[in-house]
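Colleague: Hi! I'm new to this one, could you walk me through it?
Modeller: Happy to, let's pull it up and go topic by topic.

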Amino acid sequence: MQSYISPVIGWVLFGLALTVFLMTLVLVLEGGALVALDNRVQDALKPVRTSDVVKTANVFTQLGGVMVDTAITLACAMFLIWRREIHRAIILLIAVYGLGAVTHALKHMVNRQRPPALEGYFDPSPSFPSDHCAYSAALALCLVILVVPVVTDPRHRKLVTIVLLGLPFGVALCRLLLSMHYLSDTIAGLAVGCAWVVLVVLFFQRLQKSGVM
């Protein structure tokens, strides 16, 4: 049976990520200190939002966008299939694409309005959680768990892992700079993306262990 992640580590990560998401959700719904912090962060970023910063953030934020994530996911899945790592490819596809239904449901359940939009960056969809952050976190974690062990020299895995896991935080910063989300939206997005991926990986590991796959 192939193990992608230690079950103990996996359930700890899942529990932490889920706890962060639920705490953020409750605090946002309460509308207290966290919402006040969201507004202070928005005000603090106003002087930073120069035209060059906004243009750069708009490019980098595409790492969490549907088109870029779809292209990367499909390319990695085809590579894994070519390497005859069919199970890894299946898990990757379900983990990334299944997340869309999760974030869509959460967005419309909370139905939070976005921050005041910058010119040319209006998005009518609900703000919480950030799907860009969720997708970038999910894809990065999938790559670390499923793809990096297959393609990367063991001597370089730690560096590649650090870079990949750092990218979602860059996406989160860009969403804030573009005034597309509040801080709590990005935190919730990162958390739900991580929680979903770990849950999917652990589920498929259990299926493999039981002989279903």
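Colleague: Let's start with cysteine 133. Is cysteine 133 buried or exposed?
Modeller: Cysteine 133 counts as buried, because its relative accessibility is 0%. Keep in mind that this is a predicted model.

Colleague: Okay, and how many disulfides does the structure hold?
Modeller: Zero.

Colleague: Why is there no bond for cysteine 133?
Modeller: Because the closest cysteine sulfur, in cysteine 174, is 9.4 Å from the sulfur of cysteine 133, and that is too far for a bond. Cysteine 194 is in no disulfide either, with the nearest cysteine sulfur, that of cysteine 142, 9.9 Å away.

Colleague: Is cysteine 194 buried or partly exposed?
Modeller: Partly exposed: its relative accessible area is 26%.

Colleague: Switching topic: how many salt bridges are there?
Modeller: The count comes to four. One of them joins the side chains of aspartate 38 and arginine 112, at 2.9 Å from N to O.

Colleague: Where do aspartate 38 and arginine 112 lie?
Modeller: Aspartate 38 is in helix H2 (residues 33–45), while arginine 112 is in the loop between helix H5 (86–110) and helix H6 (131–151), so this pair ties together parts that are 74 residues apart in sequence. Aspartate 38 and arginine 112 are buried.

Colleague: Which aspartate meets arginine 112 at 2.8 Å?
Modeller: That's aspartate 185, again through a side-chain salt bridge. Aspartate 185 lies in helix H8 (residues 183–209) and arginine 112 in the loop between H5 and H6, so the pair links parts 73 residues apart in sequence. Both of these residues are buried. Through shared partners, Asp38, Arg112 and Asp185 are joined into one network.

Colleague: What about lysine 46, what does it pair with?
Modeller: Lysine 46 forms a salt bridge with aspartate 43, and their closest N and O atoms are 3.5 Å apart. Lysine 46 is exposed, with 55% relative accessible area, whereas aspartate 43 is partly exposed at 46%.

Colleague: And which residues make the nonpolar surface patch?
Modeller: Leu63, Leu159, Val163 and Leu167 make it, and the patch covers about 330 Å². Leucine 167 sits in helix H7 (residues 157–177) and is partly exposed, at 32% relative accessible area.

Colleague: Last thing: what is the mean pLDDT of the chain?
Modeller: The mean is 89, and 97% of the residues reach 70 or more. Confidence is highest in helix H1 (residues 7–30), at 94, and lowest in helix H3 (residues 51–60), at a mean of 88. Where pLDDT is low, the predicted coordinates should not be read in detail.

Key
Residues are numbered from 1 along each chain as its sequence is written. This is a predicted model: local features need pLDDT of at least 70, side-chain atom pairs count only at pLDDT 80 or more; totals for chains, interfaces and linings use all residues. Side-chain values use heavy atoms; hydrogens and water are left out. A disulfide is a pair of cysteine sulfur atoms within 2.5 Å. Buried means under 20% relative accessible area, exposed over 50%, partly exposed in between (1.4 Å probe, protein chains only). Patches are made of residues with over 30% relative accessible area and no salt bridge: like charges are joined within 9 Å, nonpolar side chains (Val, Leu, Ile, Met, Phe, Trp, Tyr) within 5 Å. Accessible areas come from the Shrake-Rupley method with a 1.4 Å probe; for residues, only the protein chains shown count as cover. Helices (H or I, at least four residues) and strands (E, at least two) are DSSP runs, numbered from the N terminus. pLDDT is the predictor's confidence in each residue, from 0 to 100.
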